[in-house]
Amino acid sequence: MQSIRSRLFIWLIKNRHLLKLKLKPEVVDSNFSVAKFRDEVDRSTAKLKLPKDVTAKKENINTMTAEWILPEHPAAGKVLLYLHGGGFISGSCQTHRMHVAKFASGSQLNSLVFDYRLAPEHPFPAALDDCVAAYQWLLKEGYQPQDILVGGESAGGTLTLSLLLALKERGIGLPKAAFAISPVTDLRCLADSFKYNAHNDIAPMGSWDLWTQLYIGENDPTLPLLSPLFGDYAGLPPLLICVGTHEIHLDDCVHVAQKAQAQGVEVTLTQWPRMVHAFPLLSPLFPEARQAMAEICEFVRSHAKA
């Protein structure tokens with residue numbers, strides 16, 4: 001049964017327009033401003049502080065801004081490469097350091113987050129190329145593929161799957177394991193859950209069509225490295241895919257999990273009743289988010305030790 005706290009917090013998120021004294025929720029259409037959206041996200045996260053048991057250390061990956069998020073007692077020689085979400089159009093070390101801190105603390109792994117290039121200024125394959133570059137940077141720093149775990153949420157979950165496919169395609173050693181929270185895996189956004197969960201999820205109405213198109217650019221949306229549902233998963237490392245049953249991305253997650261499992265990948269698919277997009281990042285606000293976060297961190301810890 002859904003917790004009362006999750007009902008409350010999800011209701012508040014879905015009705016956040018009321019806090020802005022607006023009667024109707026936001027609709028993302030041709031009037032949407034990427035710059036304004038980024039500014040709002042940046043301002044809302046600018047003053048957030050890390051928990052006391054985690055520290056941040058600035059890093060540079062080639063030309064990319066990056067940060068190490070470091071727990072007090074990390075596992076030696078292991079690292080989590082975290083790919084942030086933000087609809088392919090937003091997100092940064094600043095907006096996600098608090099989220100990454102939860103994974104770093106829970107898994108006890110030094111965690112690296114970085115600013116990959118964003119659409120629409122930099123459509124596909126810019127973000128994916130940056131993810132590959134960050135992974136290769138870790139290899140040059142002395143980490144072995146079996147020492148690296150990869151994960152991300154939303155667009156970062158999509159990029160996690162795309163990164164695995166890109167590494168396989170380029171003959172680069174694969175990480176030990178990976179997790180994807182609420183990824184969109186077919187960027188055409190044609191899955192039925194985009195319709196039947198449109199009013200259940202917390203994503204602004206219409207955002208999935210506009211934001212994904214900005215990332216797709218002039219490319220074929222069925223390219224496997226763009227829409228990882230169309231990829232070949234044979235030989236990929238263990239995967240954990242986490243999704244809520246009220247998400248627009250539900251069918252995408254189920255379909256990609258089924259495909260990967262059919263192709264021999266060890267897949268853990270967790271479907272959380274009545275949960276919404278990327279809800280584990282809302283930990284510790286309500287029990288379902290705390291439990292999902294704990295399970296993801298346990299997945300990371302167990303594979304880091306193996």
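## Asn-60 and its surroundings

Leaving aside its neighbours within four places in sequence, with which residues is Asn-60 in contact? In this predicted model, and with those neighbours set aside, Asn-60 is in contact with Thr-65 and Trp-137. The residue belongs to strand 1, which covers residues 54-61, and Asn-60 counts as exposed because its relative accessible area is 53%, where the cut-off for that word is over 50%.

A second residue helps to place Asn-60 within the model: Ala-262 is 202 residues away from Asn-60 in sequence, and the two C-alpha atoms are 39 Å apart in space.

## The sheet

Strand 1 is part of an open sheet that is formed by 8 strands, arranged in the order 1-2-4-3-5-6-7-8 and with mixed pairing. The edges are taken by strand 1 and strand 8 (267-272), each of which has a single partner strand, so that one side of each is left without a neighbour in the sheet. When direction is ignored, neighbouring strands of this sheet are turned against each other by 20° on average.

## Strands 6 and 7, and the helix across them

Within the sheet, strand 6 (residues 177-181) and strand 7 (residues 239-244) run parallel and are joined by 4 bridges. Ala-178 has Leu-239 of strand 7 standing opposite.

Helix 9, made up of residues 287-305, lies across strand 5 (148-153), strand 6, strand 7 and strand 8. With respect to strand 6, the helix runs at about 165°.

Key. Residues are numbered from 1 along each chain as its sequence is written. This is a predicted model: local features need pLDDT of at least 70, side-chain atom pairs count only at pLDDT 80 or more; totals for chains, interfaces and linings use all residues. Side-chain values use heavy atoms; hydrogens and water are left out. Helices (H or I, at least four residues) and strands (E, at least two) are DSSP runs, numbered from the N terminus. Buried means under 20% relative accessible area, exposed over 50%, partly exposed in between (1.4 Å probe, protein chains only). Contact means heavy atoms within 4.5 Å. Two strands pair if DSSP finds at least two bridges between them. Axes are lines fitted to C-alpha atoms, for helices over the stretch in contact, and angles run from 0 to 180 degrees between N-to-C directions.
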